[in-house]
Amino acid sequence: MKKKPLVSIVIPTLNEGRFLGRCLAGIKKQTYSRIEVIVVDNGSKDKTREIARKNGARVFRHGPERAGQVNFGVKKAKGKMRIKV
């Protein structure tokens with residue numbers, strides 16, 4: 001049986017600790033199982049990176065602009081399908 005393709009979700013962040021947990025919890029609830037989550041953080045001062053790692057995301061630091069963060073995350077993605085949040 002052929003494996004389903006891996007889907008990559010790229011999330012650019014800056015001090016999103018307050019909301020990131022809920023976002024990642026929603027992703028985990030999806031019925032599609034082959035998902036990788038990539039969080040590209042721009043130097044958060046809160047617990048954004050810690051929350052992301054705790055929820056199984058791959059975490060990178062890159063900035064300063066969101067477009068640059070997203071492009072960086074897409075380059076790190078392994079999935080055939082890439083979703084930018």
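Which residues make up the largest nonpolar core? Hi everyone, let's start right there, keeping in mind that this is a predicted model. That core has 10 residues: Ile-9, Ile-11, Leu-20, Leu-24, Ile-27, Val-37, Val-39, Ala-52, Ala-57 and Val-59. At least two of them come from each of β1 (7-13), α1 (17-28) and β2 (35-41). The most generous contributor is α1, with three residues. As a bit of background, nonpolar side chains tend to be buried together in soluble globular proteins.

Let's pick out one member, Leu-20. Beyond residues up to four places away in sequence, Leu-20 touches Ile-11, Thr-13, Thr-48, Ile-51 and Ala-52. There is also another core, lying apart from the largest one and made of five residues, including Val-10, Ile-38, Val-40 and Ala-77.

Now over to helix α3, residues 66-76. Its buried residues are Gln-69, Val-70 and Gly-73. Looking down the axis of α3, you'll find these buried residues within an arc of 95°, so they line one face of the helix. Remember that an α-helix has 3.6 residues a turn, so residues three or four places apart point the same way. And what sits on the face of α3 turned away from its buried side? There we have the exposed residues Ala-67 and Lys-75.

Last stop: Arg-49, which belongs to helix α2 (residues 48-54). Is Arg-49 buried or exposed? Its relative accessibility is 17%, and the cut-off for buried is under 20%, so Arg-49 counts as buried. Setting aside neighbours within four places in sequence, Arg-49 is in contact with Asp-41, Gly-43, Ser-44, Val-59 and Arg-61. In that list you'll recognise Val-59 from the largest nonpolar core. Thanks for listening!

Key:
Residues numbered from 1 in each chain as written. Predicted model: local features only at pLDDT ≥ 70, side-chain atom pairs only at ≥ 80, totals over all residues. Heavy atoms only, no water. Buried < 20%, exposed > 50% of the residue type's maximum accessible area, 1.4 Å probe, protein only. Helix = DSSP H or I, 4+ residues; strand = E, 2+ residues; numbered from the N terminus. Arc of directions from axis to C-beta. Core = buried A, V, L, I, M, F, W, Y, C linked by side-chain atoms within 4.5 Å. Contact = heavy atoms within 4.5 Å.
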